[in-house]
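Please find below a colleague's notes on the fold, set out as numbered points. They begin with strand pairing and proceed to the helices and the interior.

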Amino acid sequence: LRVIGHRADDYVQLGRDKGAKVFDVDRDIYNSWTRAQQTAANKKFLDRAIRDKAPFLSATHRDKIRGGSALEWEVEYLLKNGYAWSDDGLSLLWGN
């Protein structure tokens with residue numbers, strides 16, 4: 001299980017509570033990276049999950065995803081790589 005979401009929705013804590021993997025880099029380190037470095041690190045996290053066909057739980061309902069956010073990019077990347085939203089709008093499942 002992987003957990004994604006907006007930081008404001010505390011996806012990191014949800015991931016810990018679920019025993020799931022999350023993309024969590026120290027904010028100072030993350031902010032020191034270029035946008036390309038941030039995206040590359042995030043893509044590596046997603047690619048590993050895609051390889052494993054891991055399910056994703058979103059701490060942010062699909063209707064609350066902010067345009068232009070990293071979460072929007074993550075979801076679009078997953079949708080382009082074989083994932084689909086579940087009916088509840090909170091999970092992305094491979095081959096669904």
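1. In this predicted model, R2 stands opposite F56 of strand β3. Strands β1 and β3 run parallel and are joined by three bridges.

2. These strands belong to an open, five-stranded sheet with mixed pairing, ordered β2-β1-β3-β5-β4. The edges are occupied by β2 (21-22) and β4; each has a single partner strand, so one side of each lacks a neighbour in the sheet.

3. Helix α1 (residues 11-18) packs on the sheet, where it touches β1, β2 and β3. The direction of α1 makes about 160 degrees with that of β1.

4. Helix α4 lies across β1, β3, β4 and β5, and runs at about 120 degrees to β4. Just after α4, G82 adopts a positive phi of about 95 degrees.

5. Which residues of α4 (residues 70-80) are buried? They are L71, E74, V75, Y77 and L78. Because these residues cover an arc of only 160 degrees around the axis, they lie on the same side of α4. The partners against which they pack are β1 (2-4), α3 (35-52), β3 (56-58), β4 (83-85) and β5 (91-94).

6. The largest nonpolar core comprises 18 residues, and those with the most contacts inside it are I4, F56, V75, L78 and L92. Two or more residues each are given to this core by α3, α4 and β4. A second, separate core of five residues includes V3, V12, A20 and L57.

7. V75 merits a separate remark. Neighbours within four places in sequence aside, V75 is in contact with I4, I65, W85 and L92.

Note on methods
Residues are numbered from 1 along each chain as its sequence is written. This is a predicted model: local features need pLDDT of at least 70, side-chain atom pairs count only at pLDDT 80 or more; totals for chains, interfaces and linings use all residues. Side-chain values use heavy atoms; hydrogens and water are left out. Buried means under 20% relative accessible area, exposed over 50%, partly exposed in between (1.4 Å probe, protein chains only). Helices (H or I, at least four residues) and strands (E, at least two) are DSSP runs, numbered from the N terminus. The arc is that of the directions from the helix axis to the C-beta atoms. Contact means heavy atoms within 4.5 Å. A nonpolar core is a set of buried Ala, Val, Leu, Ile, Met, Phe, Trp, Tyr and Cys residues joined through side-chain atoms within 4.5 Å. Two strands pair if DSSP finds at least two bridges between them. Axes are lines fitted to C-alpha atoms, for helices over the stretch in contact, and angles run from 0 to 180 degrees between N-to-C directions.
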